[in-house]
Amino acid sequence: MSSPHIPSWAGKPADDSFELTNLLPEGPAKIKMDGRAHVLLGRSSTDADVTLSSPTASRMHALMVCHKDDGLIYVIDLKSAHGTHIDGQKIQDTKPTALKTGSEIRFGAADGGAKYKVASAPSRKRPAGAHEDEKAPKKATPEGKVKCSHVLIKHKGSRKPTSRRDPNGEIIGKRTKEEAHLLLEGYRRDIEKGEITFGELAKRVSECSSYKEEGDLVGSFAFGKMQPKFSEVAFALKKDELSKPVETDSGVHIILRTG
């Protein structure tokens, strides 16, 4: 049986705080990352890193992966026969889902599945410098203007969780911020590999009205004219440089500085 695909964003956790505790007498009492970037769970004692005792678990049921950038632990169902459920809801096959402290996760069927509780899960990493004294001298405001294009993916926490594609928010209202990040990281890789241009991507998926202009924010802008984080990242980029995902009140963006 072939090994599961390991995401390129997998990385070793910063600490060993993550822990699942078993809610049933059968199977491992606890499941931890133990410093590993990914842990394979399944019924197979030879293929899996952690063996699930449930007869309804698949041989290779799910993969737990630590994200090297945001520090969160994600679970990915490997197209198992009876699915992986978080707080009673079946997660989508092969789609990474962030685990949160207090959630209950079931590998397999409702009757006989392996059941665990997320006793402890890391939260998103704080931005660099977030711990510094708030009274530290402020940085000088950058001068001049820049020109940028962007792709926006909204989520249920966005200030306006609707778009031209989803006017009633039926999809955006179910999308988490973490899922928006993962989508944009994938799109960013597609651009870097030359599989799609930035403009083509913006027209296809961006949830900002600038999609009509292939993501171009028509005209240049001075520092502070956009939302704070957007301005900060835009002015830090070099011409033709593409940013990593950036969070604002509108959602999550990738930004291309064009001038």
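The following legends describe close-up views of a predicted model.

**View 1. The largest nonpolar core, with Phe18 as one of its residues richest in contacts**. This core comprises 23 residues, and those with the most contacts inside it are Phe18, Met64, Val75, Leu99 and Phe107. At least two residues of the core come from each of the strands β3 (38–42), β5 (62–66), β6 (73–77), β10 (104–107) and β11 (114–120). Beyond its neighbours within four places in sequence, Phe18 is in contact with Ile31, Lys32, Met33, Met64, Ile73, Leu99, Val118, Ser120, Ala121 and Pro122. A second core, separate from this one, has 15 residues, among them Ala180, Leu184, Val205 and Val252. In soluble globular proteins, nonpolar side chains tend to be buried together.

**View 2. The buried side of helix α2**. Helix α2 spans residues 198–205, and its residues Phe198, Gly199, Leu201, Ala202 and Val205 are buried. These five lie on the same side of α2, because the arc that they cover around the axis is only 160°. The buried residues of α2 pack against β13 (148–153), α1 (177–192) and β16 (251–257).

**View 3. Cys148 and Cys208, two cysteines without a disulfide**. Zero disulfides are found in a search of the whole structure. The cysteine sulfur closest to that of Cys148 belongs to Cys208 and is 13 Å away, which is too far for a bond; a disulfide requires the sulfur atoms to be within 2.5 Å. Cys208 likewise is in no disulfide, the nearest cysteine sulfur being that of Cys148. With a relative accessibility of 0%, Cys148 counts as buried.

**View 4. Edge-to-face packing of Trp9 and Tyr74**. The whole structure contains five aromatic pairs. In the pair formed by Trp9 and Tyr74, the ring centres are 5.5 Å apart and the planes are at 65°, so the pair is edge-to-face. Trp9 lies in the segment before β1 (19–22) and Tyr74 in strand β6, so that the pair links parts of the chain 65 residues apart. Trp9 counts as buried at 7% relative accessibility, and Tyr74 counts as buried at 1%.

**View 5. The pair Phe107 and Tyr116**. The planes of these two rings are at 65° and their centres 6.3 Å apart, so this pair is also edge-to-face. Both Phe107 and Tyr116 are buried.

**View 6. A phenylalanine cluster and a charge over a ring**. Phe221, Phe223, Phe230 and Phe235 are linked into a cluster by ring pairs. The charged end of Arg164 sits over the ring of Tyr211, at 3.4 Å from the centre of that ring.

Conventions: Residues are numbered from 1 along each chain as its sequence is written. This is a predicted model: local features need pLDDT of at least 70, side-chain atom pairs count only at pLDDT 80 or more; totals for chains, interfaces and linings use all residues. Side-chain values use heavy atoms; hydrogens and water are left out. A nonpolar core is a set of buried Ala, Val, Leu, Ile, Met, Phe, Trp, Tyr and Cys residues joined through side-chain atoms within 4.5 Å. Buried means under 20% relative accessible area, exposed over 50%, partly exposed in between (1.4 Å probe, protein chains only). Helices (H or I, at least four residues) and strands (E, at least two) are DSSP runs, numbered from the N terminus. Contact means heavy atoms within 4.5 Å. The arc is that of the directions from the helix axis to the C-beta atoms. Rings of Phe, Tyr and Trp (its six-membered ring) pair if their centres lie within 6.5 Å; planes under 30 degrees apart count as stacked, over 60 as edge-to-face and the rest as tilted. A charge sits over a ring if NZ of Lys or CZ of Arg is within 6 Å of the ring centre and within 35 degrees of the ring normal.
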